[in-house]
Amino acid sequence: MSVAPPLLAVEGLTKSYGGIHAVRGVSFSLRAGEILALIGPNGAGKSTCFDMLNGQNKPDTGHVRLLGEETTGKKPREIWRMGVGRTFQITATFATMTVRENVQVALISHGKQLFNLWGSAPNVDRGEAGRLLELVGMGGYADRPCGELAYGDLKRLELAIALANDPKLLLMDEPTAGMAPRERVELMRLTAQIAREKSIGVLFTEHDMDVVFEHADRIIVLNRGTLIAEGSPAEVRGNPQVQAIYLGEGLLYEAGHREGASA
Amino acid sequence: MAFYVVQFLTGLASAASLFLVASGLSIIFGVTRIVNFAHGAFYMIGAYIAFTLTERFSGAFGFWGGVVVAALAVALIGVLVEMVLLRRIYHAPELFQLLGTFGLTLMVEDLVVLIWGPDDLVGRRAPGFKGAVDFFGQNIPSYDLFLIALGPVVLGVLWLLFQRTRWGVLVRAATQDRDMVAALGVNQKWLFTSVFAVGVFLAALGGALQIPRDAVHHAMDLRIIVEVFVVVVIGGLGSIVGAFVAAVLVSELNAFGILIFPKISIILVFLVMAVVLIVRPWGLFGKPEAAARKTPGLTVNPWRPLTSNERLAALAALVIAATLPLFAGNYALTVGSEIAIFVIFAVSLHFLMSVGGLASFGHAAYFGLGAYGVAFLAKMAGLPMIVCLLLGPLLGCMGAAVFGFFAVQLSGVYFAMLTLAFAQIVWSIAFQWVSVTGGDNGILGVWPASWAASPSHFYWLALGVAALVTVTLRIMVFSPFGYALRATRDSLLRSEAVGINAKRIQWTAFVIAGTTAGIGGALFAYLKGSVFPDNLGISLSVDALVMVLLGGVETVSGGVIGAIVYKALNIWLVSQTDLSKLVLGGFIVLIVVVFPKGIVGMLEMLAQRRRKSSPPGSSLLAKPIESAE
């Protein structure tokens, strides 16, 4: 009687720097098609935790498994090959290349054509790149140099790049940071829609509680490196411990208000 | 025992001057991020002016006054250079400042000959330090003892300057984050100017203080600049203490290397630098460099393959070039062959630099290895020319594979310095392994086979190979591999996040570039009929850099134009004037100031401006925001 392993299983993740425990024994899991928000005040260990999932950082102890397969200690590029797409808090794109070329690079890598010295790259996966750009609403920008894009568009381009390897899991580090309020809503709506259609699991960190409560299926809360709450938006909102951390910020009690970001 | 102590003290004395020059370079780099190639030139001018002053004015006051006044005068020249030249190019593409300061160095080399003549000048001894001190039967010049004491004194003064003055605090802050310092309302212009002045003052002082020890001559700039680069890199860019320790280390290596490892004495310093860079890329006392903010205005024109019209134009140019033997004499054809070979050399480096973002300072190593490969095969194995041409470049390929593996672990200036170190190691081997390479005498009698012997045939061969290489590399730029390589250049973080093994991509590019350079070198051996260590020397590496930058590093095939213009101008000037370096240097400086995107970059800009005669309609777009990395 074998039970299918969850898409992402995190088990007892721990990391300390010197005497400081950045992350202590964090465990959670994520199903396909589920959108999970990782929240917590500054310094809670969100970024450390996140970096251990995407390979940027190695945990002291603990395991990360993708569909039962160990990803702990693997390099970012190996984790990507296992079907994990990611976006960065501060966008990282190929600034001198066009928008389409940015996506093509990811597609070339996905198709294992990186060492093809002779092909004509402008024609490689051109249609697929176009489709991905249409998907994120960037179809009209395909021939623009990436360095000319506005920040919100860069975020959408990153999403297109992250989708290029047909990921099972998307890791998004503060996907809406630095965006205008309307852009935030649009980007997250888009992400949620794509995730549900393609049954992609999404894990994102976020400071904007409006975004979190509107789009997350489930929320996990970190504080001082430990997981203090987990559950649906309603459950987390009602959790007294969480309320204590975010005390004084009316936001948590009434989602939907636009009173600014928390913590 | 006493002998070794004396040797040690001599090393320490040499370190003083080296430290002065290196600390100046380090400070300038730290704040302005300019790799000041002209630093050696300032050192040299310092020595020349000090020579004149100390000859003119007698007595202790004349000497010491002369030394200090010379350094101040050169610092003033430095201020002028900074205000007139460098201020215009701080925002030019990375390394373009290197080209500008290189042009300056060329000019200075001719100017000092013009003013002071070509002969070595032996200055007078320092008053009060004319004698020698007896040390267990060995003599130590008392001036050496003075220098040994001077080093730590200068170190102390600099330390106080940086720790205890407002200016010093600003300099240290700017070294860490100059944008932030500017944002805090510091007048960046004058900070840069003053830093440059101090750096140049130190260089000139180092030169002036050498008078009693060494003759003043017009090639002393190149000799010191390489050593200074080594010192700065070993010590850690921007670290004064590091510069001091590394200066001592390098000087002692030089002093003892010749005793303990006479066979590899020249290599030793570069070997140490290579090891330091591999183990501790940021130098002994440096800190890992925070990812530099990309220069704003990075938006280059997107690269695209040639349109069919442009292809026809390129083909037409090639056909016209191929008709040269119909009307030109043998001399012109030989020049044409040499230019074609340098096109191969330049496009190989251009591929690495502009597509891969890896600026090699030692690319001549692979050019020279190709040349030596041919010479070995032709002279020792007696293979026919066509086989040699095919197999010779493999030596360049192998060299690039070994050195490239280590070099691509680093980036930026550190990559440049490691490639420089490797090139110097290869050069030293060619120079010192006389039994195999013939040392300084080279390998002679590498003559082409009869089918390629006539100047016109050889010209066609060289032209054909150059065209083939250029087209091949262009195809690679627009291949999936080329895209991946550009991706690693633009953002390592993002490349890794989309599954690209950046180091392997860059290594492959390095090997491709090295092999291509080897092809150029192989032809060069046949053109000259001989191979010398100079074929892998620093000046040839610098030539390649200049050709690439001149053509335009942000372009796809700027190397071709850069090579043709630079090489043709160079050969023509040498035949026309004794002051070829002055003119060429002036030309380079002019290009740098007027066309900071290089010749091809400028042409592209003009073409684009004409195309965009009507303003773009979509002005709704927000103004570009740089993706920070």
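Strands in this report are DSSP runs of type E with at least two residues, numbered from the N terminus, and two of them pair if DSSP finds at least two bridges between them. The structure described here is a predicted model.

**A hairpin in chain A**

Strand S9 of chain A covers residues 218-223, and strand S10 of chain A covers residues 226-231. The two strands run antiparallel and are joined by 5 bridges. Within this pairing, Asn223(A) stands opposite Thr226(A), a residue of S10(A). Which residue of the hairpin takes a positive phi? Arg224(A) does, with a value near 50°, and the hairpin has 2 residues between its strands.

**Chain A as a whole**

The hairpin belongs to a chain whose secondary structure comes to 9 helices and 10 strands. Chain A has 263 residues, and 48% of them count as buried. Along the principal axes, the C-alpha atoms of chain A fill a box of roughly 60 × 45 × 40 Å. The radius of gyration of chain A is 19 Å; because a compact globule with 263 residues would have a value near 18 Å, the two agree. Contacts in chain A also link residues that are distant in sequence: among those between residues at least 6 apart, 64% join residues at least 24 apart.

**The domains of chain B**

Chain B is divided into two domains, with domain 1 spanning 2-218 and domain 2 spanning 325-565. The centres of these domains, taken over C-alpha atoms, are separated by 35 Å. Their contact takes 6 residues from domain 1 of chain B and 7 residues from domain 2 of chain B. On the domain 1 side, the residues that touch domain 2 of chain B comprise 6 nonpolar, no polar and no charged residues.

**Where the chains meet**

How many residues of each chain take part in the contact between chain B and chain A? There are 36 residues from chain B and 41 residues from chain A. Each of the four helices of chain B in the table supplies at least two residues to the side that touches chain A.

| Helix of chain B | Residues |
|---|---|
| H21(B) | residues 455-477 |
| H22(B) | residues 480-490 |
| H23(B) | residues 492-497 |
| H24(B) | residues 502-528 |

H22(B) gives the most to this side of chain B, with 8 residues. By class, the side of chain B that touches chain A has 22 nonpolar, 8 polar and 6 charged residues.

Terms used:
Residues are numbered from 1 along each chain as its sequence is written. Chains are lettered from A and ligands numbered from 1 in the order in which they are written. This is a predicted model: local features need pLDDT of at least 70, side-chain atom pairs count only at pLDDT 80 or more; totals for chains, interfaces and linings use all residues. Domain bounds come from an automatic or database domain assignment. Two residues are in contact if their C-beta atoms, placed from the backbone, lie within 7 Å. Ala, Val, Leu, Ile, Met, Phe, Trp, Tyr, Cys and Pro count as nonpolar, Asp, Glu, Lys and Arg as charged, and the others, Gly among them, as polar. The radius of gyration is taken over C-alpha atoms; the globule rule is 2.2 Å times the number of residues to the power 0.38. A residue is buried if 20 or more other C-beta atoms lie within 10 Å of its own, exposed if 12 or fewer, and partly exposed in between; C-beta atoms are placed from the backbone.
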